[in-house]
Amino acid sequence: MTLWHDVADAAAVLSREMLEAEAPGHAFLLLSVSGEIFAVDAVCPHHQAWLSMGHLDGATIACPRHQGRFHIATGRQLGGPACPPLPTYPVRVVAGRVLVGVGL
Ligand code: FES
């Protein structure tokens, strides 16, 4: 079962590359790439650096602390120190709002 959280205005996300958003118990980073919105954990799975301080290059987010690189759609690690994948979340846009799904 998926619980959908209303976390942001879609236009606000699409007007910039990255936007942090919260839901109870979760901190997300919303990413806008070519008009599509993605949601990942806001912190790096290596040593919990805030990824919003990193760099988005196409579909890859680079962590600011040790330059770990992750694919934003799958969370797969593409480089940097060994660590678990970056958690990713499904996104829906409904009536101009961004909904992020979290599995229960
Ligand atoms: S904290 Fe992100 S790669 Fe180390």
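This passage describes the strand pairing, the salt bridge and the cysteines of a predicted model. Residues are numbered from 1 along each chain as its sequence is written, and side-chain values use heavy atoms, with hydrogens and water left out. Because the model is predicted, local features need pLDDT of at least 70 and side-chain atom pairs count only at pLDDT 80 or more, whereas totals for chains, interfaces and linings use all residues.

Strands are DSSP runs of E with at least two residues, numbered from the N terminus, and two strands pair if DSSP finds at least two bridges between them. In general, strands of a sheet pair through backbone hydrogen bonds, either parallel or antiparallel. An open sheet of 4 strands, with antiparallel pairing, follows the order β5-β6-β7-β8. Its edges are formed by β5 (55-57) and β8 (77-79); each has a single partner strand, so one side of each is left without a neighbour in the sheet. From one strand to the next, the twist in this sheet averages 30 degrees; axes are lines fitted to C-alpha atoms, and angles run from 0 to 180 degrees between N-to-C directions. Within the sheet, β6 (residues 60-62) and β7 (residues 69-71) run antiparallel and are joined by 3 bridges. A62 has R69 in β7 as its bridge partner.

Another open sheet consists of 3 strands in the order β1-β11-β10, again with antiparallel pairing. Strands β1 and β10 (91-94) lie at its edges, each pairing on one side only. The twist here averages 30 degrees from one strand to the next. Antiparallel strands β1 and β11 are joined by 7 bridges, and L3 stands opposite V102 in β11.

The structure holds 1 salt bridge, defined as a side-chain nitrogen of Lys or Arg within 4 Å of a carboxyl oxygen of Asp or Glu. The side chains of R97 and D6 form this contact, with an N to O distance of 2.8 Å. R97 belongs to strand β11 (residues 97-103) and D6 to strand β1 (residues 2-9), so the pair ties together parts that are 91 residues apart in sequence. Both residues are partly exposed (between 20% and 50% relative accessible area, 1.4 Å probe, protein chains only), with values of 30% for R97 and 45% for D6.

The structure holds 0 disulfides, a disulfide being a pair of cysteine sulfur atoms within 2.5 Å. For C83, the closest cysteine sulfur is that of C44, at 5.2 Å, which is too far for a bond. C44 is buried (under 20%), with a relative accessible area of 3%.
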